[in-house]
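Hi there,

I promised to pass a structure on to you, so please have a look at it below. My notes on what turned up follow right after.

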Amino acid sequence: MSKDNDLLASVSDVSTESEFFSPMPDGYKKGKTRYVFVMGTVMSGLGKGIFSSCLAKLMQDKGLKVAPIKLEGYLNVDSGTLNPFRHGEVFVLDDGMECDMDLGTYERMLDQDLSKANFVTSGQIFSSVLHKERHGDYLGRDVQMIPHVTGEVKLRLRRLAIDSDADIVFVEIGGTVGDLENAYYIEAMRELAYEEGPNSSCFVALTYILEPKTLGEQKSKAAQLGIKQLMECGIQPDIIACRASNPVTDKVRQKISVYSNVPFERVISVPDSASIYMIPAMLRDAKLDFAVLRLLKIEDRINLHHERKAWEQWCDFTDKIGSTRREVTVGITGKYTSVRDSYASIINALEHAGIALGCNVKIKWIETTNITDQNAADNLSDVDGIIVPGGFGTRGAEGKIACIKFARENNLPYLGLCFGFQMAVVEFARNVCGLTKANSTEIDPDCPEPVINILPEQKGIEGLGGSMRLGGHNIELKPQTLAWKIFDRKKTVRMRFRHRYEVDPRYIERLEKAGLVFSGKAPNQPIMQILELPSHPFFMGTQAHPCLTSRPLRPQPMFVGFVAASMQKHYQGEKLPDCVKATRKVNNSNT
């Protein structure tokens, strides 16, 4: 056996005679892929996903191939049944995996389509370990947290390294150091760094610097204690990112540097930013990108020409942030409005569209529980367009229908997403088609006119988990419609779905005769996926969640069309930028 062969790999299949257990996937080459581990201290919600994705983008700009992965401590197999009030929005990947909203941040920042390989929960890890134990894969060993559970975590990371052919795998650990549920993840990272050898890994600790208003100065003690917990786990951080409301002072950075054995220049300040898209520049100014390259000793892999071109393109985008003079107000009418993370992808998609059109999109959050036909006008009087987002359950549904009715009758730009698509059908059926008792069977299981009904293939399924139409699906566009035009006259487009209910095929003909146009449908199936009203300035709905695939440099066309229509309403008679006029020309050509 050559010296380069890994001792641990050579004994990974040995039974009870060895304490080494480090399963290696076929084809794994030690040293090819490096690892950056990002973990938090003091408190959750520091923005580990944002920080990790921004640092990964800087590496990607240099021509390196990066692959992110999020390790979550909860026992759910996926995020599908999590309440948005507790955990923010559920982000759906193209392969149907329901995951943490941080994967949306990675997709947007890196302009990558991720998969289930990029998201791991404790539920997945334990399920896999127990499955292997039942099948005798552990060769008679008593199955333990160390080495078997930690071994499963390392196996997932190494498989991702192979499948993605990545130069760097960015590993984000959910929660904070000291949480019982993620302790074995941190141990697995320590083991992986040990097994991979020197210069294989870089540990980044995000911490929070307190600034009590009563004291008027920044305090680092909580951060120091959090870092101490990490060091007690056997991990020496290489970089410490100090999150705070304001720039962290050199005095505080010096304290943390001395306390943690981390060089002062690698203790960086990451204050709050007006936009997450400004953070890559913040990290670049701190020279964090080259610090990581030196720690991992992969300076020879970078492509400076690629970096110059990519960074120039990114700066063209960020230079537009905050520089616009025009502004519109969009109402988001939902029932999770008290938790903004519930609609993170919509917020980002509106920002992307606004920047592309030279407009600041302000959001008015509208709780629909108490909205009726009588007070809808008052609640919507100061908005230039409304979005009815996705959601589940009955609460707030009638309020959403009242908002949709007002938008349809008063030429207010409207965009309905998933549940918003379904409620637009219900509203149209009631108030235009004369089906006064029309409803969704999700809201009223016994309604006599179920224009929205459960998917036929789901009727025999019990339980919530895994019972939906999920992931990316193709949509066949109807020629000469607004949807066909804003998607650049493509025959088919691909969007992501997460729903159980659809337009009941029995009502499609009646709805269409009354003037509703279904401009997008599932290929070879009577599943309606996009609707529009040709006589309206902008009235569209989709069963999909188009916000999930909006990217900073490639804004989602439906959102661009919606924001352009909202600008046209707000600035009637004024001269608008060419990009807005071009979009509106497409919209107007459909009316």
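Let's start with two strands that sit side by side. Strand 1 (residues 34-40) and strand 6 (residues 168-173) run parallel and are joined by five bridges. Within this pair, Val36 stands opposite Phe170 in strand 6. Please keep in mind that this is a predicted model.

A helix belongs in this picture too. Helix 4 (residues 102-110) packs on the sheet, where it touches strand 2 (66-72), strand 5 and strand 6. The direction of helix 4 makes about 170° with that of strand 2.

Now for the whole sheet. It is open, has seven strands in the order 5-2-6-1-7-8-9, and its pairing is parallel. Why do strand 5 (119-121) and strand 9 (267-271) each have one side without a neighbour in the sheet? They stand at the edges and each has a single partner strand, so nothing in the sheet flanks that other side. From one strand to the next, the twist averages 20°.

Finally, take a look at helix 13 (residues 344-357). With 14 residues at 1.5 Å a residue, helix 13 should span 20 Å, and this agrees with its end C-alpha atoms, which are 20 Å apart. Eleven of those 14 residues are buried, so helix 13 is largely enclosed by the rest of the structure. Among the buried ones are Ile346, Leu350, His352 and Leu357. Just after helix 13 comes Gly358, with a positive phi of about 70°.

Happy exploring, and write back with any questions!

Best wishes

Note on methods
Residues are numbered from 1 along each chain as its sequence is written. This is a predicted model: local features need pLDDT of at least 70, side-chain atom pairs count only at pLDDT 80 or more; totals for chains, interfaces and linings use all residues. Side-chain values use heavy atoms; hydrogens and water are left out. Helices (H or I, at least four residues) and strands (E, at least two) are DSSP runs, numbered from the N terminus. The expected span of a helix is 1.5 Å times one less than its number of residues. Buried means under 20% relative accessible area, exposed over 50%, partly exposed in between (1.4 Å probe, protein chains only). Two strands pair if DSSP finds at least two bridges between them. Axes are lines fitted to C-alpha atoms, for helices over the stretch in contact, and angles run from 0 to 180 degrees between N-to-C directions. Contact means heavy atoms within 4.5 Å.
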